[in-house]
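User: I'm new to reading protein models and I'd like to learn how the labels get decided. Can we go through a few of them together?

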Amino acid sequence: MRESDEKVLCSIKNLAIFGAPPFFKDKLHVGQPNIGDRARLIERLNDILDRRWLTNSGHYEGEFEQRIRDYLEVKHCIATCNGTLALQLAERALNLSGEVLVPSFTFIATAHSLSFQEIKPVFCDVLPGTFLIDPEDVRRKITPRTTAIMGVHVFGRPCAVEELQEIANQQGLKLLYDAAHALGCTHKGKKIGSFGNAEVFSFHATKFINSFEGGAVTTNDDELANRLRLLRNFGFAGMDHVIGVGTNAKMSEICAAMGITNLEAMNTIMAHNYANYQRYKFQLQNIPGLELVTYEEEEKRNYQYIVVRVDPDRFGLTRDELFQLLQAENALARRYFYPGCHRMAPYGAIGGENDGRLPHTEKISSEILALPTGSGVSLDKIDLLCCLMKFIHAQAEKIRRLLEVN
Ligand code: T4K
């Protein structure tokens, strides 16, 4: 630690929340984009400009899809302009209607993708140990209007895919997965990407692999893949030949080129994420009340999200108090996915009638914090952040009193 850092950590008056300058001069992000080989990207951009082919089933879109197919060992990949549109296309191609069972503990896009198409998301609780949709709650919430289950592989940990498939088979339901967090992750050694009827990825800037903005649907179902391709491109089955409703959800060439460049850097990004995870794991051992959410070492994980559970009794402050303190210090931790979709408009509100309905979701979303990581966050920044959190823990009592006065 630098002398200046030590000085900051000698008095709580030096904390930014009480008016001092932030501990970190440059902001530390949860989702700062990973950027592969710039020279290769620029070469590809020049090639795109030379070809004068910018979108609409271009060379790079095709290559991106091929690489995803090969990597995931899945028959079809339909690349899109973002993950939300990919979800919408998949829901439409699967003819979903009525009600779809989804976890509330997810990014709002999962629920909105359904509502946007007049399908009602019915929120299920999650299992407290994994934060993933609870198959028992799924069973309880099936009604005659239910057409599908949509599991979300939150933070890259796979849902209970066998159990969900069994429910879907028994009840004649479609099974879709929001795999926005799960590229590069496995379940029993098999890569996420070919479970259920289809899986949906996001390649948003903040994701493990980004294409600036982007998404994809992957499936082994030939007919579904055809419908997805039609839906992605206005329903065109050939030149001047429209055979149904469609939208514009195509991936542009510049996005595909970025995606390919980042796919080439995947191992390096994964190694960086893993090193960050290990460093947090080591440092957090010394901070009572901050429990790292661990990933199973026997499976492949992308380690994109580093998440801790804050136990207020042991840490001395609540998750929200720690969150505010860190934000002020430019350590931009995030409360993913607080307060749960069921307590966000239009589905509900905090303090509204849905409060208490999904106890595990509400407890988890009030306790967890995603910490800054990614290739923009170095190991020494993690050491500093952990020193800061250790100091906050040691001074928790005094900090709380001062927060009450301020
Ligand atoms: N399903 C799930 C489970 C998802 O998590 C998501 C997206 C989707 C579906 C939908 O996929 P997309 O349609 O987005 O492809 C961010 C992302 O925008 C969103 O893609 C992601 N999930 C979600 C978990 O995180 P916000 O509202 O938290 O973004 P924002 O702007 O606050 O950025 C997060 C952090 O990253 C900040 O600290 C700023 C930093 N950042 C962000 C961008 C865009 C950068 O440093 N550079 C950047 O370029 O949603």
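User: Sure, let's start with Arg-44 and Glu-264. What makes this pair a salt bridge?

Analyst: One thing to keep in mind is that this is a predicted model. The side chains of Arg-44 and Glu-264 come together at 2.7 Å, N to O. The cut-off is within 4 Å, so the pair counts as a salt bridge.

User: And what does that pair tie together?

Analyst: Arg-44 belongs to helix α2 (residues 38-51) and Glu-264 to helix α9 (residues 253-264), so the salt bridge links parts that are 220 residues apart in sequence.

User: Why is Arg-44 called buried?

Analyst: Its relative accessible area is 3%. Buried means under 20%, so Arg-44 gets that label.

User: What about Glu-264: which label does its relative accessible area give?

Analyst: Glu-264 has 39%. That sits between the 20% and 50% cut-offs, so Glu-264 is partly exposed.

User: How do you know that Arg-140 and Asp-137 form a salt bridge?

Analyst: Their side chains meet at 3.2 Å, N to O, and the limit is 4 Å, so they pass. Both sit in helix α6 (residues 135-141), 3 residues apart, which is about one helical turn.

User: Are Arg-140 and Asp-137 buried or exposed?

Analyst: Arg-140 has 59% relative accessibility, and over 50% means exposed, so that is its label. Asp-137 has 6%, which is under 20%, so Asp-137 is buried.

User: Which residues are joined into one network by salt bridges that share partners?

Analyst: Those are Arg-44, Glu-63, Arg-67 and Glu-264. Within that group, Arg-67 and Glu-63 have their closest N and O atoms 2.9 Å apart. They are 4 residues apart in helix α3 (residues 59-72), or about one helical turn.

User: Now the strands. Why is strand β2 described as largely enclosed?

Analyst: Strand β2 covers residues 99-103, and 5 of its 5 residues are buried, so the rest of the structure largely encloses it. Glu-99, Leu-101 and Pro-103 are buried on one side, with Val-100 and Val-102 buried on the other.

User: What makes β2 and strand β3 a pair?

Analyst: DSSP has to find at least two bridges between them, and there are 5, so β2 and β3 (residues 120-124) pair up, running parallel. Pro-103, for instance, has Cys-124 as its bridge partner in β3.

User: And how do you know that β2 pairs with strand β4?

Analyst: Here there are 3 bridges, and at least two are needed, so β2 and β4 (residues 146-152) also count as paired, in the parallel sense. Leu-101 has Ile-149 as its bridge partner in β4.

Note on methods:
Residues are numbered from 1 along each chain as its sequence is written. This is a predicted model: local features need pLDDT of at least 70, side-chain atom pairs count only at pLDDT 80 or more; totals for chains, interfaces and linings use all residues. Side-chain values use heavy atoms; hydrogens and water are left out. Buried means under 20% relative accessible area, exposed over 50%, partly exposed in between (1.4 Å probe, protein chains only).
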